[in-house]
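Please open the model in your viewer and set the display to show both backbone and side chains. The tour proceeds by successive selections.

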Amino acid sequence: MKRTYAIKIKSSKLLKTEEQIKEVEDRIKETASECKSVELSDEGKIATVEVEKIEDFVPALNAVVNVFRKIDDKSEVSYKFGLNNN
């Protein structure tokens with residue numbers, strides 16, 4: 001199962017390089033072992049998380065929030081129904 005989240009961060013904190021994106025994806029996966037995959041797009045403004053069971057979304061979302069709060073302490077993560085194509 002996949003869910004997609006919109007992430008609001010300061011423009012100066014956007015993930016501009018592939019290395020930065022990969023590093024953040026890896027940190028999220030390390031923080032939440034429930035994540036089968038994590039894909040960031042649009043300079044880190046969109047996060048798609050895949051898990052096995054619906055109850056695994058709670059720790060996965062916590063990991064996304066915690067990692068992005070370390071990048072920008074005022075970042076906001078929100079679930080957007082329209083972003084989910086799966």
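The stops below concern two helices and their contacts. This is a predicted model, in which local features need pLDDT of at least 70, side-chain atom pairs count only at pLDDT 80 or more, and totals for chains, interfaces and linings use all residues. Residues are numbered from 1 along each chain as its sequence is written, and side-chain values use heavy atoms, with hydrogens and water left out.

Select helix α2, residues 57-71 (helices are DSSP runs of H or I, at least four residues; strands are runs of E, at least two; both are numbered from the N terminus). Its end C-alpha atoms lie 21 Å apart, which agrees with the 21 Å that 15 residues should span at 1.5 Å a residue (1.5 Å times one less than the number of residues).

Next, colour F57, A60, A63, V64, V67, F68 and I71, which are buried in α2 (under 20% relative accessible area, exposed being over 50% and partly exposed in between, with a 1.4 Å probe and protein chains only). They cover an arc of only 125° around the axis, and therefore sit on the same side of α2 (the arc is taken over directions from the helix axis to the C-beta atoms). On the face turned away, find exposed V58 and K70.

Now add β1 (2-8), α1 (18-31), β2 (35-41), β3 (46-51) and β4 (76-79), against which the buried residues of α2 pack (contact means heavy atoms within 4.5 Å).

Finally, select α1. Its buried residues are I21, V24, E25 and I28; they pack against β2 and α2. Toward α2, show V24, R27, I28 and T31 of α1, which meet A63, V64, V67, F68 and I71.
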